[in-house]
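Here is a walk through a two-chain complex, from the fold of one chain to a few individual residues. Have the viewer open and follow along.

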Amino acid sequence: MIHANKYFDLRGQIIDASTLDEEERQLIDKLQQFSDDHPDARTAEYESYWIRRVGDFYLARGLSRRDVTRTVVWRIAQDLNSRLMIAAGLAKVHDYRDELENLILLKYKSRRAFCEATGLSEDMLSHVLAKRKNLGIQTLADALAKIGYTIHITQVPDILH
Amino acid sequence: MAAPLLECSFLIPLKRDTNLSDGQPHAPERWEWLYDELFDRFRGVTFPPLTYLGVYEDPDTHSRVRDESKKYILAIEDSQLDELRQLLSAACVLFEQKCTYLSIAGRVEFVGPPSS
């Protein structure tokens with residue numbers, strides 16, 4: 001699942017696994033095996049397993065709980081869980097509007113601040129984030145360019161590996 | 001002897017609210033945020049298997065709404081209650097809900113999004 005020290009997540013983004021030690025790699029193998037053996041997210045078996053397993057592993061190494069959630073193994077374990085949730089119909093692969101909302105939540109104090117920075121109207125943004133309307137590609141590209149972001153094309157993820 | 005803990009449980013609907021949004025399933029990033037926060041703030045959480053079906057009256061539209069939710073169970077100290085409410089308030093925004101159902105040792109609250 002990790003090829004050439006790279007793990008490709010659901011978003012098609014690369015998680016760099018080159019710094020993992022042998023124990024961490026073994027833990028990922030166990031997580032992968034467990035998710036393979038318990039693929040139905042509705043049973044919550046993997047969900048119950050991975051948090052405890054990864055949490056205990058890193059807490060024993062002295063990491064804080066917040067730091068545990070930033071480790072490569074945690075992110076990969078999360079990604080495996082997300083794949084199971086999508087396969088079970090409990091979640092749905094995001095579209096650009098979810099990414100837009102994440103960007104606003106993380107980088108701006110309010111939707112208004114984001115609109116002022118990008119030139120988008122608040123009314124339009126409200127409809128877009130509520131998934132009632134879409135932005136044209138050029139409109140989105142122009143708006144994102146004003147804040148230093150761009151659209152990028154990526155391969156559709158293979159949900160179950 | 002350690003002080004007894006409170007058993008708390010809450011429900012997160014599997015889909016976005018149909019009035020606030022489009023009624024579609026959440027993106028996985030939303031669930032990932034929830035797991036990060038639950039572990040960071042409370043460490044332990046129980047995930048009951050299966051999902052919970054419910055029906056309620058929407059307070060705004062007065063229409064009958066059916067939903068399906070995931071349930072989470074926590075054992076926390078009294079002093080952590082406000083932190084749990086704060087988490088669920090943020091969850092209302094991220095999961096696009098009007099409120100979330102929170103049971104605190106059998107007493108139920110509906111936690112809404114932040115007022116500001």
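Read from the start of the sequence, chain A runs β-β-α-α-α-α-α-α-α-α, which comes to 8 helices and 2 strands. Keep in mind that this is a predicted model. The predictor gives the complex an ipTM of 0.89 and a pTM of 0.81. For chain B, the mean pLDDT is 91, and 98% of its residues score at least 70.

**Chain A overall**

Along its principal axes, the C-alpha atoms of chain A fill a box of roughly 50 × 35 × 30 Å. Of the 161 residues in the chain, 25% are buried. If you take the contacts in chain A with a separation of 6 or more, 53% of them link residues 24 or more positions apart.

The chain is split into domain 1, residues 6-87, and domain 2, residues 96-145. Taken over C-alpha atoms, the centres of these two domains of chain A sit 31 Å apart.

**How the helices pack**

Two helix pairs in chain A are worth a look, and α2(A) takes part in both. Here they are side by side.

| Helix pair | Axis distance | Angle |
|---|---|---|
| α1(A) and α2(A) | within 10 Å | roughly 170° |
| α2(A) and α4(A) | 10 Å | about 180° |

Start with α2(A) and α4(A), whose axes are 10 Å apart at an angle of about 180°. Angles over 145 degrees count as roughly antiparallel, so α2(A) is roughly antiparallel to α4(A). From α2(A), the contact uses Tyr46(A), Glu47(A), Trp50(A) and Val54(A), while α4(A) brings Val73(A), Trp74(A), Ala77(A), Asn81(A) and Leu84(A). Sorted by class, the contact of α2(A) with α4(A) holds 7 nonpolar, 1 polar and 1 charged residues.

Now the other pair: the axes of α1(A) and α2(A) come within 10 Å and cross at roughly 170°. These two helices are therefore roughly antiparallel to each other as well. On the α1(A) side you'll find Leu27(A), Leu31(A), Phe34(A) and Ser35(A), and they meet Tyr46(A), Tyr49(A), Trp50(A), Arg53(A) and Phe57(A) of α2(A). The class split for the contact of α1(A) with α2(A) is 7 nonpolar, 1 polar and 1 charged. Try clicking on Tyr46(A) and Trp50(A): they belong to the contact with α4(A) and also to the one with α1(A).

**Where the chains meet**

How many residues does each chain put into the contact? Chain A gives 26 residues and chain B gives 22 residues. On the chain A side, α2 (45-59), α3 (65-68), α4 (72-87) and α5 (96-107) each supply at least two residues. That side of chain A is a mix of classes, with 9 nonpolar, 9 polar and 8 charged residues.

**A few loop residues**

In chain A, first find Asp21(A), in the loop between β2 (14-16) and α1 (22-37). Is Asp21(A) buried or exposed? It counts as exposed, because there are 8 C-beta neighbours inside 10 Å. Asp21(A) and Arg42(A) are 21 residues apart along the chain, and 32 Å separate their C-alpha atoms.

Then there's Ala44(A), in the loop between α1 and α2 of chain A. Ala44(A) isn't a glycine, yet its phi is positive, at about 60°. It is buried, because 21 other C-beta atoms lie within 10 Å.

Over in chain B, His62(B) shows a positive phi of about 60° too, although it is not a glycine. You'll see His62(B) in the loop between β2 (52-57) and β3 (64-76) of chain B. With 7 C-beta neighbours inside 10 Å, His62(B) counts as exposed, whereas Ala44(A) is buried.

Last stop is Asp17(B), in the loop between β1 (6-13) and α1 (28-42) of chain B. This residue is buried, with 20 other C-beta atoms within 10 Å. Which residues does Asp17(B) contact, leaving aside its neighbours within four places in sequence? They are Glu96(B), Gln97(B) and Lys98(B). Asp17(B) and Cys99(B), 82 residues apart in sequence, are 9.8 Å apart in space, C-alpha to C-alpha.

Note on methods:
Residues are numbered from 1 along each chain as its sequence is written. Chains are lettered from A and ligands numbered from 1 in the order in which they are written. This is a predicted model: local features need pLDDT of at least 70, side-chain atom pairs count only at pLDDT 80 or more; totals for chains, interfaces and linings use all residues. Two residues are in contact if their C-beta atoms, placed from the backbone, lie within 7 Å. Helices (H or I, at least four residues) and strands (E, at least two) are DSSP runs, numbered from the N terminus. Ala, Val, Leu, Ile, Met, Phe, Trp, Tyr, Cys and Pro count as nonpolar, Asp, Glu, Lys and Arg as charged, and the others, Gly among them, as polar. pLDDT is the predictor's confidence in each residue, from 0 to 100. A residue is buried if 20 or more other C-beta atoms lie within 10 Å of its own, exposed if 12 or fewer, and partly exposed in between; C-beta atoms are placed from the backbone. Domain bounds come from an automatic or database domain assignment. Axes are lines fitted to C-alpha atoms, for helices over the stretch in contact, and angles run from 0 to 180 degrees between N-to-C directions. Angles under 35 degrees count as roughly parallel, over 145 as roughly antiparallel, 65 to 115 as roughly perpendicular and the rest as oblique.
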